[in-house]
Amino acid sequence: DFSVQCKQQLEKIGKIKKMLSEAVSVSITTDAATMNTGDSYVTVTAHWIDTQWNIMSCVLGISISNEEIASVVKNLTNVEFMLENRLDAITTDQGANFIAAVKLLLDEGVTEEQVRCACHKLQLSIKHSLEEIRTPSASFIGLFRTIASSINNSPRLLDALRKSQKDPLIQCILDQSEPDLPTEEPHMDDSYTDTVAGNSFCDYS
């Protein structure tokens, strides 16, 4: 029931607090997501190395993002999980809301450094590259139109195009159909050669 779930959740939080209390330094990542319902949430995840040199990660909390991001992070790290003076860095994307939030946290001494998410940087680079590619696409379309116009205005080129379209293979490509293949199986006599592994041949006669 609900009381059992609450007890289990509190036990998990207690274990996380114990593990974090042994960490010399901790870094966090935070990001926001919008659900299909339109609700937005901010997630804060802690990362550290334990006393056995194991890399550890754990979600500290999820909060509705209409709260100030800086307040959410500060409450989770300094109050809830007591990471004051041990929070080395915060990794975020380059969203204006996160940049502003981390600036506040840096000014208040909650963390020492902001790290920009490499995956988000890569995404922005790809997006920018695609936008650059789209720009000359109009010139490609113009080139194709010029070629089509040249063919239409040249009886010789138009005749050559029509002849090529009658080619069976070209017709299959245009129709997106399979070419006609011979249905008769090749004749094999009693003595034939079969291919085996290693590209060697054995005579079965």
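1. The loop between α2 and β4 is where Asn85 is placed, and in this predicted model the residue has a phi near 70 degrees, which is a positive value in a residue other than glycine. With a relative accessible area of 69%, Asn85 is exposed, since the cut-off for that word is over 50%.

2. Met82 has its place in the loop between α2 and β4 as well, and although Met82 is not a glycine, its phi is positive, at about 50 degrees. The relative accessibility of Met82 is 53%, and so Met82 counts as exposed. When you look at this loop, it is worth finding both Met82 and Asn85 before moving on.

3. For the chain as a whole, the inventory is six helices and seven strands, and their order from the N terminus on is α-β-β-β-α-β-α-β-α-α-α-β-β. The chain has 205 residues, of which 20% count as buried, while the accessible surface comes to about 15600 Å², with 56% of that area belonging to carbon and sulfur atoms. If one takes the contacts between residues at least 6 apart in sequence, 41% of them join residues at least 24 apart.

4. What span should helix α3 have, given its 12 residues? Helix α3 covers residues 96-107, and at 1.5 Å a residue it should span 16 Å; the C-alpha atoms at its ends are 17 Å apart, which agrees with that expectation.

5. Which residues of α3 are buried? They are Phe98, Ala101, Val102 and Leu105, and, seen down the axis of α3, these buried residues fall within an arc of 95 degrees, so they line one face of the helix. A general point helps in reading such a pattern: an α-helix has 3.6 residues a turn, so residues three or four places apart point the same way. On the other side of α3, the exposed residues are Ala96, Lys103 and Asp107.

6. The buried residues of α3 have several partners, for they pack against β1 (26-34), α2 (69-80), β4 (87-92) and β5 (113-116). After the helix comes Gly109, which has a positive phi, near 75 degrees.

7. One of the residues to examine in strand β5 is Gln114. Leaving aside its neighbours within four places in sequence, Gln114 is in contact with Ile90, Thr92, Phe98, Ile99, Val102 and Leu106, and among these are Phe98 and Val102, which belong to the buried residues of α3. The side chain of Gln114 also makes a polar contact, at 2.9 Å, with the side chain of Thr92.

8. How many salt bridges does a search of the whole structure find? The search finds four, and three of them are described here, beginning with the pair of Glu80 and Lys17, whose closest N and O atoms are 3.7 Å apart. Glu80 lies in helix α2 and Lys17 in helix α1 (residues 2-21), so this pair ties together parts that are 63 residues apart in sequence. Both partners are partly exposed, Glu80 with a relative accessible area of 30% and Lys17 with one of 28%.

9. Another salt bridge joins Lys74 to Glu108, with the closest N and O atoms 3.0 Å apart. Because Lys74 lies in helix α2 and Glu108 in the loop between α3 and β5, the pair ties together parts that are 34 residues apart in sequence. Lys74 is partly exposed, with a relative accessible area of 34%, and Glu108 is partly exposed too, with a value of 47%; the cut-offs matter in this reasoning, because partly exposed covers what lies between buried, under 20%, and exposed, over 50%.

10. A further salt bridge is formed within α3 by Lys103 and Asp107, where the closest N and O atoms are 3.3 Å apart. Lys103 and Asp107 are four residues apart in this helix, which is about one turn, and both residues are exposed. This pair therefore belongs with the description of the helix given above, since Lys103 and Asp107 are among the exposed residues on the other side of α3, whereas the buried residues line one face.

Notes: Residues numbered from 1 in each chain as written. Predicted model: local features only at pLDDT ≥ 70, side-chain atom pairs only at ≥ 80, totals over all residues. Heavy atoms only, no water. Helix = DSSP H or I, 4+ residues; strand = E, 2+ residues; numbered from the N terminus. Expected span 1.5 Å × (residues − 1). Buried < 20%, exposed > 50% of the residue type's maximum accessible area, 1.4 Å probe, protein only. Arc of directions from axis to C-beta. Contact = heavy atoms within 4.5 Å. Areas by Shrake-Rupley, 256 points an atom, 1.4 Å probe, with all protein chains shown as cover. Polar contact = N/O pair within 3.5 Å; in protein donor to acceptor, adjacent residues only side chain to side chain. Salt bridge = Lys/Arg side-chain N within 4 Å of Asp/Glu carboxyl O.
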